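Subject: Handover of a structure and the findings from it

Dear colleague,

Please find below the structure that I am handing over to you. The findings follow directly after it.

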Amino acid sequence: MTPATLCLDREVIRMGRLSGKVAVITGGASGIAYGVVEMYVSEGAKIIVADIQAEKGAQLERRFPGTVYFNACDIRNEEDIGRTMAMAEEKFGGLDVVVHAAASVDHKQKIADLTVEDWDDGQANLLRSHVMCIKHAVGPMQRRGGGSVILVSSAAAENFSPAASVLYVVCKGAVLYLARWAAFELASCKIRVNAIVPGPFATSMWGQLVGASREVCLATITFAGGDN
Ligand SMILES: NC(=O)c1ccc[n+]([C@@H]2O[C@H](COP(=O)([O-])OP(=O)(O)OC[C@H]3O[C@@H](n4cnc5c(N)ncnc54)[C@H](O)[C@@H]3O)[C@@H](O)[C@H]2O)c1
C-alpha cells in the first residue's frame, strides 16, 4: 500500500487517534462536516451529528450503527444545542470534542436590504450558535476533565469575497474573536477553543454562493468521494 492510498482511501486510514473520544459534529449531514464525520469514525471516535437534515442523519446512523447517532437540531435554538451535548453523555458517557460547522448562506447580501428580523435570524445561525455550542459543551467537558472545541469560520472573514453576504462575513469574523475569548476563559478548565478558516470547498453551500439553489445543490453535489 502506497502512502497516497493511505491518504486517499478514507476507509483504509485507521490510526485510532480518536479512540475513546466522543465528538459532537454540527452540520455533519453534508459537506465539509460530513467528511469530518467519516474521518473521525475512521480514527475511532463516537459521534453525535446535529443537523436539520433528518433523512441524511438517519442515513449516517445506518451507515455507522452504534458509532454515530443523529440529533435533529436547529442551531438557532439553544434548547436543541443543549439536548445535543446532553446526548453525547447519554449515548457515550461523555463529551471530548465539538466541531461546530453547521451554517447557512441564504441571507440577503447587502446592508441596504436587511431587516432587523433578517439580521437576528442570520446572526443566530452564524454567530450565536457558536456561543451556545461552547456554553453547553463546558459542563460535559469539565466532567471529562477537559476537551476541545473547534469553530468553523471562513476565509471570507479575512479576504474579500463578492459572493458572500454582510451577515456571513461579519459573523465569521466575529467567530475568530469568540474563539480567542473562549480559549482565554476556558483554559483553566483544560478546554481548548480554536477556529479554523477554510477556503473554498465544492459543497452545497459553495454551490449556493455561485448561484445554484440550495435544493439543486443538496441533490447534485458530491463531496470528496462520499455520498453527500
Ligand atoms: N464550502 C466552502 O467553500 C466553505 C468555505 C469556508 C467556510 N465554510 C464553512 O464550513 C462549514 C460547512 O459548510 P459546507 O460548505 O460544508 O456547507 P453545507 O451546506 O454542505 O453544510 C452545512 C450543514 O449545516 C446544516 N445547517 C444549516 N443550517 C442549519 C441549522 N439552522 N441548524 C442545524 N444545521 C444546519 C445543513 O443542513 C448542512 O448539513 C460552514 O460553517 C461554512 O461557513 C465553507
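For the helix packing described next, an axis is a line fitted to C-alpha atoms, taken for helices over the stretch in contact, and an angle runs from 0 to 180 degrees between N-to-C directions. Please note that this is a predicted model.

Helices H4 and H5

Helix H4 covers residues 78-92 and helix H5 covers residues 116-144; the two pack at an angle of about 35°, and their axes lie 9 Å apart. Their crossing is right-handed. On the H4 side, the residues that take part are Glu-78, Ile-81, Gly-82, Met-85, Ala-88 and Glu-89, and they meet Ser-129, Met-132, Cys-133, His-136, Ala-137 and Pro-140 of H5. Sorted by class, this contact between H4 and H5 holds 7 nonpolar, 3 polar and 2 charged residues.

Glu-79 also belongs to helix H4. Is Glu-79 buried or exposed? Glu-79 counts as exposed because it has 11 C-beta neighbours inside 10 Å, and a residue is exposed if that number is 12 or fewer. The C-alpha atom of Glu-79 is separated by 9.6 Å from that of His-136, although the two residues are 57 positions apart along the chain.

The protein overall

The protein contains 8 helices and 6 strands. Along the sequence, these elements follow the pattern α-β-α-β-α-β-α-β-α-β-α-β-α-α. Of the 228 residues in the protein, 40% are buried. Among contacts with a separation of 6 or more, 64% join residues that are 24 or more positions apart.

Helix H2 and the ligand

Helix H2 spans residues 31-42, which gives it 12 residues. From its first C-alpha to its last, H2 reaches 17 Å, close to the 16 Å expected at 1.5 Å a residue. This helix is mostly covered, with 10 of its 12 residues buried. Among the buried residues of H2 are Gly-31, Ile-32, Tyr-34, Glu-38 and Val-41.

Against which elements do the buried residues of H2 pack? Their partners include four strands, namely S1 (22-26), S2 (46-51), S3 (68-72) and S4 (97-100), together with helices H3 (54-63) and H7 (204-209). After H2 comes Gly-44, which has a positive phi near 100°.

H2 and H7 also each supply at least two residues of the shell around the ligand. In total, 28 residues surround the ligand, and the closest are Gly-27, Gly-31, Ala-103, Thr-203 and Met-205. By class, the shell is made up of 16 nonpolar, 9 polar and 3 charged residues.

Two loop residues

Lys-190 is placed in the loop between helix H6 (166-186) and strand S6 (191-196). Most residues other than glycine have a negative phi. Lys-190, which is not a glycine, nevertheless has a positive phi of about 60°. Lys-190 is partly exposed, since 13 other C-beta atoms lie within 10 Å.

Pro-198 sits in the loop between S6 and H7. This proline is likewise partly exposed, with 13 other C-beta atoms within 10 Å. Which residues does Pro-198 touch, not counting residues up to four places away in sequence? They are Ile-32, Val-152, Ser-154 and Ala-155. The C-alpha atoms of Pro-198 and Ala-155 are separated by 5.6 Å, while the two residues are 43 positions apart along the chain.

Yours sincerely

Terms used:
Residues numbered from 1 in each chain as written. Predicted model: local features only at pLDDT ≥ 70, side-chain atom pairs only at ≥ 80, totals over all residues. Expected span 1.5 Å × (residues − 1). Buried ≥ 20, exposed ≤ 12 C-beta atoms within 10 Å, placed from the backbone. Contact = placed C-beta atoms within 7 Å. Near = placed C-beta within 6 Å. Nonpolar A, V, L, I, M, F, W, Y, C, P; charged D, E, K, R; others polar. Left-handed = near helix turned anticlockwise from the far one by under 90°.
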